[in-house]
Amino acid sequence: MALLSLLLGLFVFVLEPVEAETTQSTLDPLDASFCHGGLEVIYPELDVDKCLMIPKNHKFREKISTVWKAPQIYFSGAEKGYSLEKGEMQGMTLTDYHPPTPPQKTGFHRYQFMLFEQPPHTKISLTEEESSRGKWDFQAFVERFTLGEPVAALQFLTQNYKD
């Protein structure tokens, strides 16, 4: 079985602003159903282990955008690649981590983490267009490397901390 690789760490999809309250229980069923597989994203004061909305209390929205560095990623279901199971990611970085920074007055934005099984003997790389955080064709990337469906996925919703 191929080693599991977290590709591109953080995929940012701003599908459209999401109208919602700031509690976990108000997540749209479609947003809540996105999360599966046991992926965990750990920030210094926040453990994201299910789909949720980042609460405004404790200044979490501000900290996730301006203070905290890249989170640790854990996947307890790793069969090979035990460093991922322990949260000790190794491998080639395709793009550097950029914190969530949704613009003011645009509502909630989705920030998604997806874990794919990398096909054996396949070198994953980005095109010049894909190397920026700007909009690029994620589905074409998945198809180009025959990644299939994510083994695990997790997302959180947040908005600008000044809103």
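How many disulfides does the count come to? The count comes to one disulfide, in a model that is predicted.

**The disulfide**

The bond is formed by C35 and C51, whose sulfur atoms lie 1.7 Å apart. The link of C35 and C51 is right-handed, with 95° about the S-S bond. C35 is placed in the loop between α1 (29–34) and β3, while C51 sits in the loop between β4 and β5 (52–53), so the pair ties together parts that are 16 residues apart in sequence. In general terms, such a link is a covalent bond between the sulfur atoms of two cysteines. C35 has a relative accessibility of 18% and therefore counts as buried. C51 is also buried, its relative accessible area being 8%.

**Salt bridges**

A search of the whole structure finds four salt bridges. The table gives three pairs, among them one that joins K63 and E45.

| Pair | N to O distance |
|---|---|
| K63 and E45 | 2.8 Å |
| K50 and D49 | 3.8 Å |
| E130 and R144 | 2.8 Å |

In the salt bridge of K63 with E45, the closest N and O atoms are 2.8 Å apart. This pair links distant parts of the chain, 18 residues apart: K63 belongs to helix α2 (residues 60–66), and E45 to the loop between β3 and β4 (46–48). E45 has a relative accessibility of 46%, so E45 counts as partly exposed.

The side chains of E130 and R144 likewise meet in a salt bridge. Here too the pair links distant parts of the chain, with E130 in the loop between β7 (108–117) and α4 (138–144), R144 in helix α4, and their positions 14 residues apart in the chain. Is E130 buried or exposed? At 7% relative accessibility, E130 counts as buried, because the cut-off for that class is under 20%. Its partner R144 is partly exposed, with a relative accessible area of 39%.

In the salt bridge of K50 and D49, the side chains meet at 3.8 Å, N to O. K50 is partly exposed at a relative accessible area of 42%, and D49 is partly exposed at 41%.

**Strands β3 and β6**

Strand β3 (residues 39–43) runs antiparallel to β6, and four bridges join them. Within this pairing, L39 stands opposite F75 in β6. Which residues make up the covered face of strand β6 (residues 72–75)? The covered face holds I73 and F75, whereas Q72 and Y74 lie on the uncovered one. F75 thus appears in both descriptions: as a residue of the covered face and as the residue opposite L39.

Definitions and conventions:
Residues are numbered from 1 along each chain as its sequence is written. This is a predicted model: local features need pLDDT of at least 70, side-chain atom pairs count only at pLDDT 80 or more; totals for chains, interfaces and linings use all residues. Side-chain values use heavy atoms; hydrogens and water are left out. Buried means under 20% relative accessible area, exposed over 50%, partly exposed in between (1.4 Å probe, protein chains only). Helices (H or I, at least four residues) and strands (E, at least two) are DSSP runs, numbered from the N terminus. Two strands pair if DSSP finds at least two bridges between them. A disulfide is a pair of cysteine sulfur atoms within 2.5 Å.
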